[in-house]
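Biologist: I'm new to this one, and I'd like to learn how to read it. Could you walk me through it, feature by feature?

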Amino acid sequence: MGAGSLTCLMFVVVALNAIAAAAGLALFAVAIWVAADGYKLYPISGVSGKDDIFAGAWIAIFTGFAFFLTCIFGIFAALKRSRALMLVYLIIMFIIFLFECASAITAATNRDYLVGNSNFVKKQMLQYYGQESTQGKQITQTWNRVMEQVECCGADGPQDWIMYNSTLKQMYPTYNWPLSCCKRLSTFDLQDPADCKLGRTGILFTKGCFNYIESVLSHYTWAVSWYGFSVLILVFFTLVIAMIYFMQLE
């Protein structure tokens, strides 16, 4: 390859690495957003040990920042036209690439397990809601907050608490559903405690919370997994061009 062609190829490698560095930094930021769990739904996945979406986010935090740093190093190596530096760059990028593959696949597959249907979330809710254990308190607080903020009740609706056995029913037999299933005043007091227990229309929330939970966990998955896959495609293309450039160096 002529000197002019090699120079053009070098600038392509530099440009691709600059774009990949920006994409890696964006992945780093997005993964932090998921790991921070702004919607506070981690207990729903954590209590069952099926928290791979968040595990994938922690891996993506590492890989995103590692892509950024390594791409900066790749730009330096390309400008120096050093085979040794380019080889180090390619090896490190390939290792990070494998880690990010694991992160994206982990998040995507775990999302389907958690919210493929409402049964898993419902079973967990009925089992842990109202328990005095640490896990029970976490699940109870999470569900109370979701039901009050989203104005929903149970996974598929208030009938969940009636149709199935639950810890709540065993511990508080006079309650058909949690009080968080009912409307509140601006002071956060129940609007009508008596009608809440009776399930009067207009007081009791009738829609389920599963669609909200599915939406949030899907957003987390899209952030970690599908954006991660798009970064992987960009990095793969960058690696191919960088390999060609490496083979042309003397």
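Modeller: Sure. Keep in mind that this is a predicted model. Let's start with one pair: Lys-122 and Asp-156 make a salt bridge, and their closest N and O atoms lie 2.8 Å apart.

Biologist: Which parts of the chain does that pair link?

Modeller: Distant ones. Lys-122 belongs to helix H5 (residues 119–128), while Asp-156 sits in the loop between helix H6 (134–150) and helix H7 (159–163), 34 residues apart.

Biologist: And how many salt bridges does the structure hold?

Modeller: There are 4.

Biologist: Okay, now the bigger picture. How is the protein chain divided into domains?

Modeller: Domain 1 is built from two stretches, 3–117 + 221–248, and domain 2 covers 119–208. Taken over C-alpha atoms, the centres of domain 1 and domain 2 are separated by 41 Å. Their contact involves 11 residues from domain 1 and 12 residues from domain 2.

Biologist: How do I read the size of an interface?

Modeller: People often give it as the accessible area lost when the parts come together. Here, domain 1 and domain 2 bury about 1000 Å² between them, with 63% of it on carbon and sulfur atoms.

Biologist: Which three residues supply more of the area that domain 1 buries than any other three?

Modeller: Ile-44, Val-47 and Asn-117, which account for 53% of what domain 1 buries against domain 2.

Biologist: What about salt bridges and polar contacts across that interface?

Modeller: The rule finds 0 salt bridges between domain 1 and domain 2, but 3 residue pairs are in polar contact. On the domain 1 side, the elements giving two or more residues are helix H2 (42–46) and helix H4 (83–115). By class, that side has 7 nonpolar, 2 polar and 2 charged residues.

Biologist: Last one: where does UniProt place the "transmembrane region" feature?

Modeller: The unreviewed entry puts it at residues 7–35, 55–79, 86–108 and 226–247. Look at two of those in the model. Residues 55–79 are 100% helix, with end C-alpha atoms 36 Å apart. Residues 226–247 are also 100% helix, and there the end C-alpha atoms are 32 Å apart.

Notes:
Residues are numbered from 1 along each chain as its sequence is written. This is a predicted model: local features need pLDDT of at least 70, side-chain atom pairs count only at pLDDT 80 or more; totals for chains, interfaces and linings use all residues. Side-chain values use heavy atoms; hydrogens and water are left out. Domain bounds come from an automatic or database domain assignment. Contact means heavy atoms within 4.5 Å. Buried area is the accessible area (1.4 Å probe) that two parts lose on being put together, summed over both. A salt bridge is a side-chain nitrogen of Lys or Arg within 4 Å of a carboxyl oxygen of Asp or Glu. A polar contact is a pair of N or O atoms within 3.5 Å; within protein, one must be able to donate a hydrogen and the other to accept it, and residues adjacent in sequence count only if both atoms are side-chain atoms. Helices (H or I, at least four residues) and strands (E, at least two) are DSSP runs, numbered from the N terminus. Ala, Val, Leu, Ile, Met, Phe, Trp, Tyr, Cys and Pro count as nonpolar, Asp, Glu, Lys and Arg as charged, and the others, Gly among them, as polar. UniProt positions are given in the numbering used here, feature names are shortened, and annotations may be inferred rather than shown by experiment.
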